[in-house]
Amino acid sequence: MAEDQGKEKQASGQEAAGKPAPEAKGAGGKPAAPGKPAAPAAEPWDGELVQSLRKAFPDISLEALTYRAQNYFILPRESALPVAMHLKAECGFNMLADLTAVDYPQREMRFEVIYQLYSFPRNERLRLKVPLGETESIESVVPVWGTADWLEREAYDMFGIRFEHHPDLRRILLPEEWQGYPLRKDYSILQQDTKWVQENLHIESGQ
Amino acid sequence: MMETAPKATFLDANEIVINMGPQHPSTHGVLRVILKLDGEKVLGTECVIGYLHRGVEKIAENRTYVQFTPYVDRMDYVAAVSNGLGYCEAVEKLLGVEVPPRARYVRTILTELNRITSHLLWLGTHAMDLGAFTPLFYTFREREEILKVFENYCGARLTTHAFRIGGLQYETYDGFEEQVKAICDTFPAKIDEYEVLLTLNRIWLERTKKVGILKAEDAIDLGVTGPVLRASGVQWDIRKAMPYAAYEEFEFDIPTGENGDTYDRYLVRVEEMRQALRIARQAVDRLPSGPILGKVPKVIKPAVGEVYHSIEAPKGELGYFVVSDGSTQPYRVRVRPPSFINLQALDRMVRGHLVADVVAVIGTLDIVLGEVDR
């Protein structure tokens, strides 16, 4: 199925339990030997949406998978904005429900930017996952969906991901002068920007 | 030596920048809005948020799935039951656990009662912001009746921690059904009382009609959800589009507005209260018996994977994106906060209006800063 390191973690879990469906084990799962049902796996997904995307973007490496009945694509970073525009214009995904990121420091492409899309006409949800390196930046999707404005600001604030051509990329939840990106895994739970705390709150430490 | 007066003063300028908040009676929490005004007309706004940022998403990575459940109530602290429902359902989806019917029905009842309390608080404070002080007392008085139900059920009025992963922890108490039925019987008359005070009130109409108009395309583009979206004309409710808990089994309508102004949002929320009573009535009449907790392992360790689950919270689409790495603690919990995303629309809705309308629009968006900032 998936070969790139983005799926390493999932793939290792799946190899241990190769059968995707619990029913496959049901035949032998008599009460005498209660084995655990196989762990669910991310399965490849093919549908009219996948094919339309592959036809529109033949030369990008698009992976289409589904897990727990939720469909998602894994895209390379340069294609994020064109695919987003295509999905909104041609496939009816007119709402960006959420835009966020996840930090996988053990991977080579450290961040994964996640877009949750929803289509009103199709009543369908879709997720886009875009792996991103630590120093790489990604095109902003503000021209496609206006919601992305504050959502990208928050992703920048929490992870330090730069969004190119964002109208106003600056911190939103934390103070402007804060140093550090809290939701990264190397930022400890008790860590604070002590310099900012001391200068602005006039206390030794926030702890 | 006397100083000579400067040649040109700032009083010549037409635009002034005024700061509203973070401490302000009408901002519903610690919200700072920087207004650029031309006299009384608003030229532009900028929201500065983050005064209530507590790092809930970071905390989630350092607690087990069960330990995180109480934190979730504190985000939208007005509608804590809904928050809990969304999180528990997201983790149940990740685990593949099925919730028994009785638990689903009780969850639906409590969530709908919570929707009513949230809307009552909204109505009281929104009316008070605009100068109508009386509805506040009435709505809070009625809210007490429902908070008594929550207190009898789980011990807490506001941050309830009512649900557990897999179902419920507490069985419903003796008298639960009677108390809920009593609420469903007496409430519609109370809602009529509020309508008598406001709906055809000349002052209310003048202050809310044509204020803060948000058109449907703008609403969808900005990702606005909940009553704000429905008042703009888009008939969309996650309880009907992608049902969860026990909503498939009940009949209810989705109130929609036409113009997308503040008055329509008021009408939509008042009607939603009536529909919530309808759902609660149907649920309590048909409450099945049975277990209240599904088959959940003792140690919750979902398989590697991720899930996005969203529910129709009183404020809008509340989504949880939970990423599991196979351990007992979530790898990442992302909360899609409806108030945060609805607040983005403030700028577009308020341009060209007067300063007093800013208060009306902030109130009509029904934001809770706990959710905006997390």
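**Exercise 1. Describe the interface between chain B and chain A, starting from how many residues of each are in contact.**

Step 1. Chain B brings 33 residues into contact with 32 residues of chain A; a contact means that C-beta atoms, placed from the backbone, lie within 7 Å. A word on the input: this is a predicted model, where local features need pLDDT of at least 70, side-chain atom pairs count only at pLDDT 80 or more, and totals for chains, interfaces and linings use all residues. Residues are numbered from 1 along each chain as its sequence is written, while chains are lettered from A and ligands numbered from 1 in the order in which they are written.

Step 2. On the chain B side, at least two residues each come from α1 (56-60), α8 (216-221), β6 (305-313), β7 (316-324), β8 (332-336) and α12 (338-344). These elements are DSSP runs numbered from the N terminus: helices are H or I with at least four residues, strands are E with at least two.

Step 3. β7(B) gives the largest share of this side, four residues.

Step 4. Sorted by class, this side of chain B holds 13 nonpolar, ten polar and ten charged residues. Here Ala, Val, Leu, Ile, Met, Phe, Trp, Tyr, Cys and Pro are nonpolar, Asp, Glu, Lys and Arg are charged, and the others, Gly among them, are polar.

**Exercise 2. Work out the sheet that holds β6, β7 and β8 of chain B.**

Step 1. The strand order is β6-β7-β8 in an open, antiparallel sheet; strands pair if DSSP finds at least two bridges between them.

Step 2. Why is one side of β6 and of β8 of chain B left without a neighbour in the sheet? Both stand at the edges and have a single partner strand each, so no strand flanks their other side in the sheet.

Step 3. Neighbouring strands are turned by 15° against each other on average, direction ignored.

Step 4. Five bridges join β7(B) and β8(B) in the antiparallel sense. V322(B) has V333(B), in β8(B), as its bridge partner.

Step 5. Now add helix α3 (residues 80-95) of chain B: this helix lies across β6 and β7 of chain B, at about 150° to β6(B). Axes are lines fitted to C-alpha atoms, for helices over the stretch in contact, and angles run from 0 to 180 degrees between N-to-C directions.

**Exercise 3. Find how the two domains of chain A are placed.**

Step 1. Domain 1 spans 41-173 and domain 2 spans 175-207, with bounds from an automatic or database domain assignment.

Step 2. Their centres, taken over C-alpha atoms, are 30 Å apart.

Step 3. Seven residues of domain 1 of chain A contact nine residues of domain 2 of chain A. The domain 1 side comprises three nonpolar, one polar and three charged residues.

Terms used: Contact = placed C-beta atoms within 7 Å.
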